[in-house]
Number of protein chains: 4
Amino acid sequence: MKAIFTKNRFEAFSDGIFAIIVTLLVLEIKVPHIKDPASPWELFIALFYLLPKFLSWIISFLTVCVIWVNHHRLMNVFRSIDHGIFWWNAILLLWVSFIPFPTALLGDYPGNQLAGILYALILSFMGFSFYFLRRHVSRHPGLLQPSADLEEFRKGTRLVLIFGPLLYLTGGALVFVHPYLAFVVFLTVTIYFIFPHATKDYEKE
Amino acid sequence: MKAIFTKNRFEAFSDGIFAIIVTLLVLEIKVPHIKDPASPWELFIALFYLLPKFLSWIISFLTVCVIWVNHHRLMNVFRSIDHGIFWWNAILLLWVSFIPFPTALLGDYPGNQLAGILYALILSFMGFSFYFLRRHVSRHPGLLQPSADLEEFRKGTRLVLIFGPLLYLTGGALVFVHPYLAFVVFLTVTIYFIFPHATKDYEKE
Amino acid sequence: MKAIFTKNRFEAFSDGIFAIIVTLLVLEIKVPHIKDPASPWELFIALFYLLPKFLSWIISFLTVCVIWVNHHRLMNVFRSIDHGIFWWNAILLLWVSFIPFPTALLGDYPGNQLAGILYALILSFMGFSFYFLRRHVSRHPGLLQPSADLEEFRKGTRLVLIFGPLLYLTGGALVFVHPYLAFVVFLTVTIYFIFPHATKDYEKE
Amino acid sequence: MKAIFTKNRFEAFSDGIFAIIVTLLVLEIKVPHIKDPASPWELFIALFYLLPKFLSWIISFLTVCVIWVNHHRLMNVFRSIDHGIFWWNAILLLWVSFIPFPTALLGDYPGNQLAGILYALILSFMGFSFYFLRRHVSRHPGLLQPSADLEEFRKGTRLVLIFGPLLYLTGGALVFVHPYLAFVVFLTVTIYFIFPHATKDYEKE
């Protein structure tokens, strides 16, 4: 089957979705209502109670940036886009575009274990989509750039399964120790991914 | 008449709209209000009642992706963009950009037959726009790429009328049997379109 | 002064804004609340009362498309982007990005003359921005493509003043005859602009 | 370390975010509720009370445009995008994407000093991100275009620290004199930046 998607428009479509999600996140933080509009102190207290929302917003913002980086690196080793890549990518974007909802949930109910679990679940679904997207390409090596190292790529695909879903799910399980641990875990995982050692190029030297 | 639209900017404009719609859909799912913020069980029940909203969101997400794929394939066979293509495309995007509304309606009133019918109507209006867009190009074959097969293209245009509006409208009519059938029908139609057999290239071999 | 903006990124920025505005418009149409969620008749009545919102949404969608077409044509005759073009364009986008507000106002208060007047005012401010953007380029002919006809361009600039703000303002004034005339006028003006005769290429034959 | 980001997709991602933020701002202005829907006078009064929201919207719209111009100019002197640039840019976009919140706060509580201070704080965080982004590039001169003047660039980096955060923070401090001064200060700073003298090219003649 020949390539039916122009890689350019496919990337623009994905990038557009990433850019919109990262920006929509802030819409979930609503201006608080206070009784005395001129009182800085009352506004300060009201903003202080929004702290979980600010935190969950920052975590999700950075998480979507990490996903974008991984997505970008993955696209770089693809030569062309077939139906399989398109639809696994669409499933991936489905979970990414859902992130504003668990983010808002975590911000509204920071002390509720289910909010942390749902957040972890959605991110692990996203991680699984990355895995299936990569597995599809592993099985159709003709989709890879000639410069890409297939063995490295397959090894990386197995690693994604561990570093993605497994990390998020074990992280999410920690909410049973204390619900607020969800914030610590998700922020740590994201910051860990920001540093370059955690990523690879899958290209032949 | 010469081409007055650069195909590049025209595609970027359309892609932007698709990417935004697909992402805005999640904004219609609001965080539920619960009495005891720390109760996972109460939150679970509240989320359970949002199930129709999650379902209608997934259906619309995948449907917009299918429309994007069809749009992308169609653009590939166009050589240049004239006023007719631009405005039929604008009408198409008008209906696509309206999808968040019937999606939210279906999610809020899953047991209401009118919600299913309106959803089917909007998608069939979208299908009709595809038909008129293609018919305009069929009548101005100079707008097609030299590699495109005009006879195939015209045959495909007639098929769009059957597979698009007709499928959605008969699907929508099933809500009179049971309102929840709307979800089954729209999800089935979308999944059917995801598999490659349902689409064609309209290019000479 | 040399060109400091890459035309490509400048156009992408403008196109992004157009695509987002045209899509955000639908967010102003909220799902109505009905007492019996399963009653198609009650839902029908509720949707019927939303008619002014649907109408104002369609008018604004088509209007933004018309503005995009004009913007696209204008950009085509520019050779490079200087500070003047950037900031007149930013002012233009400011008014375009405001359109969702008067659109929602017109949809919520269709019988209120002020809603129609505000809509006409915003669109005429947008038209004035087009005029000043063009006037700036008329006075710096080096910003035009060598193929562009300066005399034609200047004539077109004066026409913009008449067909843009003047048309909208006289249209808006008709709400004093009857508030609902606003819908008729704005839809008519937009449809008039859709047909190609109303636009020109400003290029030497 | 080799460049792992394609500058093109990186710019498209950033531009998308800028375009979305600038457009989302208007969503914070809600249609007012009035008792007599047909009364132009009552609507006029209701709109008059929205004046602080309109003002804060215009200020933020122009501010985001100024940031975009600075971002655009900065990107022009970069040769390639490394991890450092990507993540300092992500931090920059984090603060930019937060702007709708302090904008809405300022519009809702114009007489509250904390609203003005928070606005100034967020913009100065944004300014600091610009500074750190530039400092990172100053220390890795290989990331600059060969045509760029390193000495000029480093001098500009130090100036950013003064003209960005310092200007916003001293501006923000003026709310202690009178809260409404926030509007005057932020609008003045933005308009000051619009005029070309305030910016530089950092390129060798």
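Let's start with charge: in chain A, the mean positions of the 16 positive and 13 negative charges lie 8 Å apart. Keep in mind as you look around that this is a predicted model.

Staying with chain A, its secondary structure is made up of 8 helices and 0 strands. Walk along the sequence and you read the pattern α-α-α-α-α-α-α-α. Measured out along the principal axes, the C-alpha trace of this chain spans about 65 × 35 × 30 Å. If you pick out contacts in chain A between residues at least 6 apart in sequence, 79% of them join residues at least 24 apart.

What about the inside and the outside? Chain A has 205 residues, and 60% of them count as buried. On the outside, the chain exposes about 8200 Å², with carbon and sulfur atoms supplying 68% of that area.

Now bring in the other chains. Chain A doesn't touch chain C; the nearest C-alpha atoms of the two are 9 Å apart. Chain B and chain D don't touch either, and their nearest C-alpha atoms are 9 Å apart.

One feature does draw on four chains: A:Lys30, B:Lys30, C:Lys30 and D:Lys30 form a positive surface patch. Take B:Lys30 as your way in. Where does B:Lys30 sit in chain B? Look in the loop between helix 1 (7–24) and helix 2 (40–49). Is B:Lys30 buried or exposed? B:Lys30 has a relative accessible area of 56%, so it counts as exposed, the cut-off for that being over 50%. Patch members need over 30% relative accessible area, and B:Lys30, at 56%, therefore clears that bar too.

Definitions and conventions
Residues numbered from 1 in each chain as written. Chains lettered and ligands numbered in written order. Predicted model: local features only at pLDDT ≥ 70, side-chain atom pairs only at ≥ 80, totals over all residues. Heavy atoms only, no water. Patch = residues over 30% accessible without salt bridge, like charges linked within 9 Å, V, L, I, M, F, W, Y side chains within 5 Å. Areas by Shrake-Rupley, 256 points an atom, 1.4 Å probe, with all protein chains shown as cover. Salt bridge = Lys/Arg side-chain N within 4 Å of Asp/Glu carboxyl O. Lys, Arg positive; Asp, Glu negative; His and termini not counted. Charge placed at Lys NZ, Arg CZ, Asp CG, Glu CD. Helix = DSSP H or I, 4+ residues; strand = E, 2+ residues; numbered from the N terminus. Buried < 20%, exposed > 50% of the residue type's maximum accessible area, 1.4 Å probe, protein only. Contact = heavy atoms within 4.5 Å.
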